Amino acid sequence: MNRKYRKTVIAANWKMHKTPAEAKLFAEHLKSSLPRAKRCSIVLCVPYVDIPLAVKLLKDSRIAVGAQNLHWEECGPFTGEVSASMLADLDVKYVIIGHSERRCMFGETDMIVNQKLRAALRAGLRPILCVGEDLQQRELDVTEEFIAYQLKAALAGITPEEMRRVIIAYEPIWAIGTGNTATPEQAGQVCSAIRGILRKLYGARIARSTTIQYGGSMNENNAEALLAQEDVDGGLIGTASLDPDRFLDIIHIANQD
Ligand code: PEP
């Protein structure tokens with residue numbers, strides 16, 4: 001982390017977990033147990049059905065609510081979809097874009113990711129853009145080239161002004177939900193490479209101030225070492241965010257000096 005230049009952001013990705021009743025218990029517990037220190041921003045990316053309740057319960061707290069997906073069109077005949085402006089209207093502040101589960105299981109191409117990113121920015125949301133290699137790409141030693149390609153495709157047409165609102169999450173696919181966390185060095189190296197790509201695309205100032213999270217089996221036991229890396233500015237946390245006490249432990253770690 002380097003708090004001098006950028007915000008530390010700890011975000012939960014609940015995926016398809018927690019009914020509204022369960023979300024209520026979690027939000028109440030988290031809200032009442034938050035540390036006083038405010039050195040990191042906290043985001044809960046919850047299922048659509050939990051959004052209204054989470055927003056209401058967390059209204060006067062410093063925990064922001066995020067979504068996990070959106071559709072890039074404003075409105076129209078897209079059965080089952082939800083637009084960026086609908087989320088913004090509910091007071092959602094963040095949205096995950098391009099998670100590998102959506103890319104792999106729901107056919108999201110780089111072009112779709114780019115359209116979703118633009119839609120999020122148009123609606124005033126802060127996108128958390130996920131990028132990351134699979135195991136084969138890591139073994140073939142093409143991780144950084146692949147991520148450069150993903151980033152350029154996702155950020156096509158995004159202006160420097162818009163880029164100030166984008167958070168990047170480096171999420172190696174082989175580490176997501178597997179318990180195989182990247183080593184702090186691996187995470188630090190790729191996050192630093194991502195910052196290098198941003199420097200080429202947007203210049204030193206924007207690259208220096210962009211929050212780059214690590215995601216992939218981050219938990220209360222490995223967060224300290226991961227967050228100690230200069231270019232790792234927070235975490236996108238799946239499994240360990242489902243238990244409020246484990247998530248709180250990570251928040252405490254991210255709040256340390
Ligand atoms: C994720 O899905 O974004 C994620 C990082 O999951 P997990 O922490 O379970 O690996």
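**Close-up views of the ligand and a salt bridge**

**View 1. Meet the neighbours of the ligand.** Around the ligand there are 14 residues, and those that come nearest are Lys15, Glu171, Gly177, Ser217 and Thr239. Keep in mind as you look that this is a predicted model. Sorted by type, the shell around the ligand has 4 nonpolar, 8 polar and 2 charged residues.

**View 2. Oxygen atoms of the ligand pair up with the protein.** Start at lysine 15: an N or O atom in its side chain is 2.6 Å from an oxygen atom of the ligand. Next, find serine 217, where a polar backbone atom is 2.7 Å from an oxygen atom of the ligand. Finally, look at asparagine 13, which has a side-chain N or O atom 3.5 Å from a ligand oxygen.

How much of the accessible area of the ligand does the protein cover? On its own the ligand has 290 Å² of accessible area, and the protein covers 99% of that.

**View 3. A home for the ligand.** Where does the ligand sit? You will find the ligand in the largest cavity.

**View 4. A salt bridge joins distant parts of the chain.** Here the side chains of arginine 6 and aspartate 231 meet in a salt bridge, with 3.6 Å from N to O. Arginine 6 belongs to the segment before β1 (8–13), while aspartate 231 lies in the loop between α11 (223–227) and β8 (234–237). These partners are 225 residues apart, so the pair links distant parts of the chain. How many salt bridges does the structure hold? The count is 14.

Key. Residues are numbered from 1 along each chain as its sequence is written. This is a predicted model: local features need pLDDT of at least 70, side-chain atom pairs count only at pLDDT 80 or more; totals for chains, interfaces and linings use all residues. Side-chain values use heavy atoms; hydrogens and water are left out. A residue is near a molecule or strand if one of its heavy atoms lies within 4 Å of it. A polar contact is a pair of N or O atoms within 3.5 Å; within protein, one must be able to donate a hydrogen and the other to accept it, and residues adjacent in sequence count only if both atoms are side-chain atoms. Accessible areas come from the Shrake-Rupley method with a 1.4 Å probe; for residues, only the protein chains shown count as cover. On a 1 Å grid over the protein atoms alone, a cavity is a set of points where a 1.4 Å probe fits but cannot get out, and a pocket is an open set with protein on both sides within 12 Å along at least five of seven lines; lining residues have an atom within 4 Å of a point. A molecule sits in a cavity or pocket if more than half of its atoms lie within 2 Å of its grid points. Ala, Val, Leu, Ile, Met, Phe, Trp, Tyr, Cys and Pro count as nonpolar, Asp, Glu, Lys and Arg as charged, and the others, Gly among them, as polar. A salt bridge is a side-chain nitrogen of Lys or Arg within 4 Å of a carboxyl oxygen of Asp or Glu. Helices (H or I, at least four residues) and strands (E, at least two) are DSSP runs, numbered from the N terminus.
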